[in-house]
Amino acid sequence: FVVIDSTDGKQWGQTRVQPATLAWLDAELPRIDPAQPLVLATHFPLAAATPLCPLNAEEVLARFVHHNLRLVLGGHHHGRTEVARGQYV
C-alpha cells in the first residue's frame, strides 16, 4: 500500500498534489519492486472525470506507469466512481 497526501492546504477545489508529495514518490517508488502489486490511497480522487480531482492527477499516476498499480482509492468525493485504465480497459 502507498498512501499519499493529495491535499493542497485548505483548498477543496482546483487543487494540486504538492511538490513535496511528488518528491517523496520520486524517492520511494524506485525502492519498490515494479512487479509488486500496489494500491494507492489518496484524499482526493485521481480520476479526471471525478469532481475535485487534483489538476495534476496525471502527474501522480504517471509515476506508477512502470509499477503494478492495481487500485487507486480516493475519498473526498461522496460517490462511487470506477475507471479502468491500461490493460483493464
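1. Let me start on helix H1, at its outward side: Pro19 and Ala20 are exposed there. Please keep in mind throughout that this is a predicted model.

2. Which residues of H1 are buried? They are Thr21, Leu22 and Leu25. Looking down the axis of H1, you will find these buried residues within an arc of 100 degrees, so they line one face of the helix. Pro19 and Ala20, by contrast, lie on the other side of H1. As for what covers the buried residues of H1, strand E1 (2-3) and H2 are included.

3. Now to the sheet. It is open, is built from three strands in the order E1-E2-E3, and its pairing is parallel. Why is one side of E1 and of E3 left without a neighbour in the sheet? Both strands stand at the edges and each has a single partner strand, so one side of each has no neighbour there. As general background, strands of a sheet pair through backbone hydrogen bonds, either parallel or antiparallel.

4. The strand pairings are easy to trace in your viewer. E1 and E2 are joined in the parallel sense over two bridges, and Val3 has Ala41 in E2 as its bridge partner. E2 and E3 also pair in the parallel sense, over six bridges. In that pairing, Pro37 stands opposite Asn68 in E3, while Ala41 is opposite Leu73 in E3. Ala41 is thus a handy residue to click on, with Val3 as a bridge partner and Leu73 standing opposite.

5. The connections deserve a look too. A right-handed β-α-β unit is made by E1, H1 and E2. From E2 the chain then crosses through H2 to E3, and this β-α-β crossover is right-handed.

6. How much of E2 is covered? The strand is mostly covered, with five of its six residues buried. Thr42 lies in this strand, which spans residues 37-42. Thr42 counts as buried because its relative accessibility is 11%, and the cut-off for buried is under 20%. Setting aside neighbours within four places in sequence, Thr42 is in contact with Ile4, Ser6, Leu73, Gly74 and Gly75.

7. Next, the largest nonpolar core, which has 14 residues. The members that touch the most other members are Val2, Ile4, Leu25, Leu40, Leu46, Val60 and Phe64. Two or more residues come from each of helix H1 (19-28), E2 and helix H2 (57-62). Which element gives the most to this core? H2 does, with three residues.

8. Val60 is a good residue from which to view that core, being one of those that touch the most other members. Beyond its neighbours within four places in sequence, Val60 is in contact with Ile4, Val17, Leu22, Leu25, Leu40 and Leu46. Two of these partners, Leu22 and Leu25, are also among the buried residues of H1. Ile4 turns up as a contact of Thr42 as well.

9. Finally, a residue outside the strands. Arg80 lies in the segment after strand E3 (68-74). Is Arg80 buried or exposed? With a relative accessible area of 72%, Arg80 is exposed; the cut-off for that is over 50%. If you would like a distance to check, Arg80 and Thr50 are 9.3 Å apart in space, C-alpha to C-alpha, with their positions 30 residues apart in sequence counted as separation.

How values were computed:
Residues numbered from 1 in each chain as written. Predicted model: local features only at pLDDT ≥ 70, side-chain atom pairs only at ≥ 80, totals over all residues. Heavy atoms only, no water. Helix = DSSP H or I, 4+ residues; strand = E, 2+ residues; numbered from the N terminus. Buried < 20%, exposed > 50% of the residue type's maximum accessible area, 1.4 Å probe, protein only. Contact = heavy atoms within 4.5 Å. Core = buried A, V, L, I, M, F, W, Y, C linked by side-chain atoms within 4.5 Å. Arc of directions from axis to C-beta. Pairing = 2+ DSSP bridges. Right-handed = clockwise from strand over helix to strand, strands pointing away.
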